[in-house]
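User: I'd like a close look at a single part of this protein, please. Could you walk me through one helix and what surrounds it?

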Amino acid sequence: MPQDYSDTGHATGAVRASLQIEGAAIAVIACVAFAYTGASWWLFAALILGPDVAMIGYLRGPRIGAIAYNLAHTYTAPAGLAAVAIAFDWGAAWPVVCVWVVHIAADRMLGYGLKYARGFKATHLSTGKEV
């Protein structure tokens, strides 16, 4: 029987698969939400890799890189932008929120997780040897 748990700080087995399926579901829902905003799919294409700009933090070392990457790759950041959009009736933010969520969810679906400071490939979904 495969091991579903890990004491090494990363998800394995059914837990990892569940997180990846969840990422796929969220990505699809966020794409549908983007379509409902009426924004151009060219905007989607222009923004989809935006959160990866945070990888520039790795130029300052793995600790700063992991912090910068994780700030841009948690749902908290687009949720904060959504809260601002609601509070200030800022409709132009919704396409950005949707694309940001798609990016994060697609990363999870593909097995890319939040980073540990010990190295770029060490994530909550990976041992650093996979992905």
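Analyst: Happy to. This is a predicted model, and a good place to begin is with the fold as a whole. Of the contacts in the protein with a separation of 6 or more, 56% are between residues 24 or more positions apart. The protein has five helices and two strands, and along the sequence they follow the pattern α-α-α-α-α-β-β. Of its 131 residues, 36% are buried.

The part I would pick is helix α5, and the nonpolar core shows what it contributes. The largest nonpolar core has 14 residues, and those touching the most other members are Phe34, Phe44, Ile48, Val97, Val99 and Val102. Three helices give two or more residues to this core: α1 (13–37), α4 (76–87) and α5 (93–110). Among the contributors, α5 gives the most, with six residues. Val99 is a helpful one to click on: leaving out residues up to four places away in sequence, Val99 touches Phe34, Phe44, Leu47 and Ile48.

Now for the helices that pack against α5, starting with α1. As background, two packed helices are described by the angle between their axes and the distance between the axes. For α1 and α5, the angle is about 160° and the axes are 7 Å apart. An angle over 145 degrees counts as roughly antiparallel, and α1 and α5 are therefore roughly antiparallel to each other. Their crossing is left-handed. On the α1 side, the contact is made by Leu19, Gln20, Gly23, Ala24, Ile26, Ala27, Ala30, Cys31, Ala33, Phe34 and Thr37. On the α5 side, the residues are Trp94, Pro95, Cys98, Val99, Val101, Val102, Ala105, Ala106, Arg108, Met109 and Leu110. Sorted by class, this contact of α1 with α5 comes to 18 nonpolar residues, three polar and one charged.

The next partner is α4. The axes of α4 and α5 cross at roughly 165° and come within 9 Å. That angle makes α4 roughly antiparallel to α5, and this crossing, too, is left-handed. Here Ala77, Pro78, Leu81, Ala82, Ala85 and Ile86 of α4 meet Ala93, Trp94, Val96, Val97, Trp100, Val101 and Ile104 of α5. The contact of α4 with α5 has 13 nonpolar residues, with no polar and no charged ones. Trp94 and Val101 are worth finding in the viewer, as they take part in the contact with α1 and also in the contact with α4.

Helix α5 also carries His103. With a relative accessible area of 4%, His103 is buried. Setting aside neighbours within four places in sequence, His103 is in contact with Ile48, Leu49, Pro51, Asp52 and His73. Ile48 links this back to the core, where Ile48 is one of the residues touching the most other members, and Ile48 is also touched by Val99.

From His103 you can step across to Tyr69 by way of Asp52, which contacts His103 and is touched by Tyr69 too. Tyr69 sits in helix α3 (residues 62–72), and at 3% relative accessibility Tyr69 counts as buried. Beyond residues up to four places away in sequence, Tyr69 touches Asp52, Ala54, Met55, Tyr58, Asp107, Gly113, Lys115 and Phe120. Within that group, Lys115 is 46 residues from Tyr69 in sequence, yet the two are 7.1 Å apart in space, C-alpha to C-alpha.

Note on methods: Residues numbered from 1 in each chain as written. Predicted model: local features only at pLDDT ≥ 70, side-chain atom pairs only at ≥ 80, totals over all residues. Heavy atoms only, no water. Core = buried A, V, L, I, M, F, W, Y, C linked by side-chain atoms within 4.5 Å. Buried < 20%, exposed > 50% of the residue type's maximum accessible area, 1.4 Å probe, protein only. Helix = DSSP H or I, 4+ residues; strand = E, 2+ residues; numbered from the N terminus. Contact = heavy atoms within 4.5 Å. Axes fitted to C-alpha atoms, helices over the stretch in contact; angles between N-to-C directions. Parallel < 35°, antiparallel > 145°, perpendicular 65-115°, else oblique. Left-handed = near helix turned anticlockwise from the far one by under 90°. Nonpolar A, V, L, I, M, F, W, Y, C, P; charged D, E, K, R; others polar.
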